[in-house]
Each structure stands twice: as C-alpha cells, then as structure tokens.
Amino acid sequence: MATGRTHRPATRSRGIPEATVARLPLYLRALTALSERSVPTVSSEELAAAAGVNSAKLRKDFSYLGSYGTRGVGYDVEYLVYQISRELGLTQDWPVVIVGIGNLGAALANYGGFASRGFRVAALIDADPAMAGKPVAGIPVQHSDDLEKIIQDNGVSIGVIATPAGAAQAVCERLVAAGVTSILNFAPTVLSVPDGVDVRKVDLSIELQILAFHEQRKAGEVAAASDGGVPAAAARNESADQGPDGDMPAVMPA
Ligand SMILES: NC(=O)c1ccc[n+]([C@@H]2O[C@H](COP(=O)([O-])OP(=O)(O)OC[C@H]3O[C@@H](n4cnc5c(N)ncnc54)[C@H](O)[C@@H]3O)[C@@H](O)[C@H]2O)c1
C-alpha cells in the first residue's frame, strides 16, 4: 500500500518489478529457515507455502532471477539463498544508524536480526545530552550534534528514524544532507525527501487498523449469516481466495 511517493519507478533498472523485489525478503526468510534445517532442495509449492505466496507468482518472480529450478527436484536452497541475497544487495555489509534511542530505538538496537541479515548498527544517535555515552546494546549513544560527522565517518547510507513525529522531518533532512539515501521511518509522519532518496515507513498501528477493519467485517458477516444472509463458509472462502499475497506488508513505501 503506497501512502505517498516511492521515488522509484515500478520496475528496477535490471527489469525486476518492485512487487517482486518486495517478495524477495519473504522467500529469503523461508529459504533461510530451510537452510538452517539443512534441507537441500525445495519445490516451488513448498517454498510458496512457506513464504505465504502463490506458487505461480513465485515461479514468475524466480524467472526474473534466472532461476528455474530442476523438474522433479525443485530449487537448490543454498543457491537460491545466495541469488536472492545478491539481488537484494545483502552480500555486502550495510552500516545503519538509528536516530532516536527511546523505547523503540533501543529495542531496534537490541534486535539481533539486523546483523544476521547484513545490517550492522554503526551508531546510535539521540538529542538528549543525558544519554550521550551511555551504552545501548553495547554501543555508546552519540549526541545528535555530531550526526553529520557520524554519517560521514561510517559511510552510512541507511538511516532509521525512531524520534517523535515532530522531530522526524528535521532529522530526515540532516541525514539526507549528510549523504543518507535510504530511510526507514518509524515516526508516524509522512517525510518529504528529494528524488533519489528511498523512504520506507513502518506503522504497526496502521496494521492493527486494517485488522480491526477485517474483524468488523467478519463480525458483520456472522451477523448476516445468522439472519439468513451470507453464509459464514462463503465469507471464509472469500478471504481464502484473497490469499497471503493480499496481506499488507508491515513495511510500506513512505
Ligand atoms: N511504527 C511503529 O509501529 C511505531 C511503534 C512504536 C513507536 N513508534 C514511534 O516511534 C517513535 C519513538 O517512539 P518511542 O516510544 O521510542 O519514544 P521515546 O520518547 O521513548 O523516544 C524518542 C527518543 O527520540 C529522541 N529524540 C527526540 N528528538 C530527537 C532529535 N531531533 N534527534 C535525535 N533524537 C531525538 C528522544 O531524546 C528520545 O530518546 C515515535 O515517533 C513513536 O510514535 C512507531
């Protein structure tokens, strides 16, 4: 669901559609789990089910990577992990800064999943002088006065914003001026950025609102069915048809 400009064409330069790019991390997560269990090969149906994607779509997505699998054998798990990681740019290390080290920023800093996916937390930045020098997840927090120097010294191109909404645009502008070209924004505000800067927004309350909408609809369908209206089974089929591909991602274009 786009909530603003994405600052990218729908198709990347190498011809991989954005929708495919958005599914690659889902395949990678499922493949990594298979790899950890030392599973050597996987069929498109098994992998599609594990990733929550329709199998025809998966085959089409993999054709963009030049990966067609072997009839009767399936896809080589390790090779696909490598191919998708390479396509996503995860075979190199990405230094990331987190700005705003409150409840959320500290939780993100403590999240081990970044490092295992090639994202190294290079620095933690906060405007509160009382936090300067205090370690969070073993990394000393640095004051936001030094933001530009920190970005440049660490060659950072990805910034995470976890400040209050009112501070996010100004933080974003400083990050961009210092050389950051990709921003993951957790603050509940729409950021404006120049062309060439990618912003992804995470908003869990939007996800909950979407679930609330579905809950309300399900409750309405149950009431209608008990009044002799739409049978509950038909209502279930409707959501089954929509499939996992219809789910809204927690991370969305800004
Ligand atoms: N996207 C989501 O699903 C989600 C979930 C929870 C919170 N949030 C949002 O994340 C943000 C942080 O939430 P929190 O609970 O951690 O808040 P918090 O108040 O605990 O932390 C905010 C931190 O930002 C720092 N800060 C303020 N202005 C700054 C600036 N200009 N530069 C650098 N640091 C600055 C503060 O000193 C503080 O440490 C809020 O905008 C909140 O709405 C989003």
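## Ala-137 and Ser-38: positive phi outside glycine

Ala-137 counts as partly exposed, because 16 C-beta neighbours fall inside 10 Å. In this predicted model, Ala-137 sits in the loop that links strand S5 (135-136) to strand S6 (139-143). Its phi is positive, at about 55 degrees, although the residue is not a glycine.

Ser-38 also has a positive phi, near 55 degrees, and is likewise a residue other than glycine. Ser-38 lies in the loop between helix H1 (18-36) and strand S1 (41-42). Is Ser-38 buried or exposed? Ser-38 is exposed, because it has 8 other C-beta atoms within 10 Å.

## Domains and annotated spans

The protein is divided into domain 1 (18-87), domain 2 (94-201) and domain 3 (205-253). Between domain 1 and domain 2, the centres are 31 Å apart, taken over C-alpha atoms.

Two spans carry UniProt features. The unreviewed entry places "DNA-binding region" at residues 26-65. That span is 72% helix and 5% strand. Its end C-alpha atoms lie 15 Å apart. The unreviewed entry also places "domain: CoA-binding" at residues 89-190. Over residues 89-190 the chain is 32% helix and 28% strand. Here the end C-alpha atoms are 26 Å apart.

## Strands S7, S8 and S9

Strand S7 (residues 158-161) and strand S8 (residues 182-185) run parallel, joined by four bridges. Within this pairing, Ile-158 stands opposite Ser-182 in S8. From S7 the chain passes through helix H8 (residues 165-177) and on to S8. This β-α-β crossover is right-handed.

S8 also pairs with strand S9 (residues 198-202), in the parallel sense and over four bridges. Ser-182 stands opposite Asp-198 in S9. Ser-182 therefore has a partner in each neighbouring pairing: Ile-158 and Asp-198.Asn-185 of S8 has Lys-201 as its bridge partner in S9.

Which side chains of S9 point to the buried face? Val-199 and Lys-201 point to one face and are buried. Asp-198, Arg-200 and Val-202 point to the other face and are not buried. In a regular strand, side chains alternate between the two faces of the sheet.

## The ligand shell

How many residues surround the ligand? There are 24 residues around the ligand. Gly-100, Gly-102, Leu-104, Ala-167 and Leu-204 come nearest. Helix H5 (103-110), strand S4 (119-126) and H8 are the elements that give two or more residues to the shell. By residue class, the shell divides into 15 nonpolar, six polar and three charged.

UniProt places a "binding site" feature (unreviewed entry) at Gly-100, Ile-101, Gly-102, Asn-103, Leu-104 and Gly-105. Three residues named there, Gly-100, Gly-102 and Leu-104, are among those nearest the ligand. Ile-101 lies in the loop between strand S3 (94-99) and H5. Why does Ile-101 count as buried? Ile-101 is buried because 25 other C-beta atoms lie within 10 Å, and the cut-off for burial is 20 or more.

## Cys-172 in helix H8

Helix H8 holds Cys-172. Cys-172 is buried, because 25 other C-beta atoms lie within 10 Å. Cys-172 and Ala-106 are 66 residues apart in sequence. In space, C-alpha to C-alpha, 19 Å separate Cys-172 from Ala-106.

H8 thus appears in two settings. The helix carries the chain from S7 to S8. H8 also gives two or more residues to the shell around the ligand.

## Glu-221 in helix H9

Glu-221 belongs to helix H9 (residues 204-226). Is Glu-221 buried or partly exposed? Glu-221 counts as partly exposed, because it has 19 C-beta neighbours inside 10 Å; a buried residue needs 20 or more.

Glu-221 and Leu-147 are 74 residues apart in sequence. From C-alpha to C-alpha, 52 Å lie between Glu-221 and Leu-147 in space.

Technical notes
Residues numbered from 1 in each chain as written. Predicted model: local features only at pLDDT ≥ 70, side-chain atom pairs only at ≥ 80, totals over all residues. Pairing = 2+ DSSP bridges. Right-handed = clockwise from strand over helix to strand, strands pointing away. Near = placed C-beta within 6 Å. Nonpolar A, V, L, I, M, F, W, Y, C, P; charged D, E, K, R; others polar. Buried ≥ 20, exposed ≤ 12 C-beta atoms within 10 Å, placed from the backbone. UniProt positions renumbered as here; feature names shortened; annotations may be inferred. Domains from an automatic or database assignment.
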